[in-house]
Amino acid sequence: IFALCKSGQISIVHYLELLVSMCVEGNETDYSVWSNIAQNIQEIYSIFDSVKSKDFNFAKSFASFCQRLFAHIRKRVASEIRNDGMKGIVYEILGVICNDQDFAKESKEEFWGTGKKEKDAQMREEKWKIALSTGTKKEFKTAKKKWRESEETTREEQVAWLRAIGSVVNSGDEKLAMDAVKFALSEEVGADAEEVLGQVTMREIGRRKLWEVIIKDKNHEIENRFQMFALEEFMSIVTSRWCSEEMEREVTEYFSTSSSAVQVYAKQGVEGSMLNRKWLQRDYAPLQAFLTK
């Protein structure tokens, strides 16, 4: 059904109404279902958040909808469902998108080590991401320090810290967003850049900051670094999450002198951007009406 929304066969409103019937009026508790819902919710948020309107605060309205959607499963997770994966999904949406204050407080305590230590690795990552999503320069610097120290622990923990660092874009701080981009593209991070950038480009502010750095790279040095590893992932992150015809032209023009492989990935990314843009144009008004009724 979600794929039909993206292709224009049905309105996104029909999909969201289905979610309400399943998760608010119904009693859905299956992990795989909620995992898929969370992925789709994040994609909707990433795309529709790119429109800034004086008359409609999409982020605030969508967060209210998500709080309503996740209210039942949140209670079940707190009282009876002993599934850290399910718990992680709830924290991921309510903590990052909805900026839930209870989750933010709990996550900051985990981040600074002042509360009960989280044993589950997935939950630690979600809490670190929430802490950075509402964080400041202090949390950002501390997260980088902890990432450097994690080289002596496990690969899983290293990746978790990198994703948390990328989540700083959710704070809305443009300087921190740019700092996250520069950190991701540093030689120190190297092949793991996609772990940071994957989070950074979930928000429009992060996409803009990344592109500001790339467009100034006249010799395509950044792109050439990725010819050696993770080129497809890097190009997808850079090119496919836009919702703007202007950016589609910029991306096409910039990569027109690149290698044939890069041009192929750029073309695929632009096609993804075009799909996002058409989806945005088609469903923004119905979505606004649904979220404000």
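Trainee: Where does Ser-258 lie?

Mentor: In the loop between helix H15 (245-254) and H16. Keep in mind that this is a predicted model.

Trainee: What makes Ser-258 count as buried?

Mentor: Its relative accessibility is 10%, and buried means under 20%. The value falls under the cut-off, so Ser-258 counts as buried.

Trainee: Which residues does Ser-258 touch, leaving out those up to four places away in sequence?

Mentor: His-220, Glu-223 and Gln-263.

Trainee: And what makes the Ser-258 and Glu-223 pair a polar contact?

Mentor: Their side chains are joined at 2.9 Å, and the limit for such an N or O pair is within 3.5 Å. So the pair passes on distance.

Trainee: On to the helices. Why are H4 and H16 called oblique to each other?

Mentor: Helix H4 (residues 58-79) and helix H16 (residues 260-292) pack at about 55°, with axes 10 Å apart. Roughly parallel needs an angle under 35 degrees, and roughly perpendicular starts at 65. An angle of about 55° fits neither, nor is it over 145, so the pair is oblique. The crossing is left-handed, by the way.

Trainee: Which residues make that contact between H4 and H16?

Mentor: H4 brings Phe-58, Ser-61, Phe-62 and Phe-65, while H16 brings Tyr-284, Leu-287, Phe-290 and Leu-291. By class, seven are nonpolar, one is polar and none is charged.

Trainee: Those H4 positions come at regular steps. Why would residues three or four places apart point the same way?

Mentor: An α-helix has 3.6 residues a turn, so residues at that spacing end up pointing the same way.

Trainee: How do H9 and H11 pack?

Mentor: At an angle of about 35°, with their axes 7 Å apart, and H9 passes H11 in a right-handed crossing. From H9 come Val-159, Leu-162, Arg-163, Ile-165 and Gly-166; from H11, Glu-195, Val-196, Gln-199 and Val-200.

Trainee: What classes of residue does the contact of H9 with H11 have?

Mentor: Five nonpolar, two polar and two charged. Gly counts as polar here.

Trainee: Which residues of H10 are buried?

Mentor: In helix H10 (residues 174-184) they are Leu-176, Ala-177, Met-178, Ala-180, Val-181, Phe-183 and Ala-184. These buried residues pack against H8, H9, H11 and H12.

Trainee: How do you know that Asp-173 caps the N-terminal end of H10?

Mentor: A side-chain oxygen of Asp-173 lies 2.9 Å from the backbone nitrogen of Lys-175. The polar-contact limit is within 3.5 Å, so that distance qualifies.

Definitions and conventions:
Residues numbered from 1 in each chain as written. Predicted model: local features only at pLDDT ≥ 70, side-chain atom pairs only at ≥ 80, totals over all residues. Heavy atoms only, no water. Axes fitted to C-alpha atoms, helices over the stretch in contact; angles between N-to-C directions. Helix = DSSP H or I, 4+ residues; strand = E, 2+ residues; numbered from the N terminus. Left-handed = near helix turned anticlockwise from the far one by under 90°. Contact = heavy atoms within 4.5 Å. Buried < 20%, exposed > 50% of the residue type's maximum accessible area, 1.4 Å probe, protein only. Polar contact = N/O pair within 3.5 Å; in protein donor to acceptor, adjacent residues only side chain to side chain.
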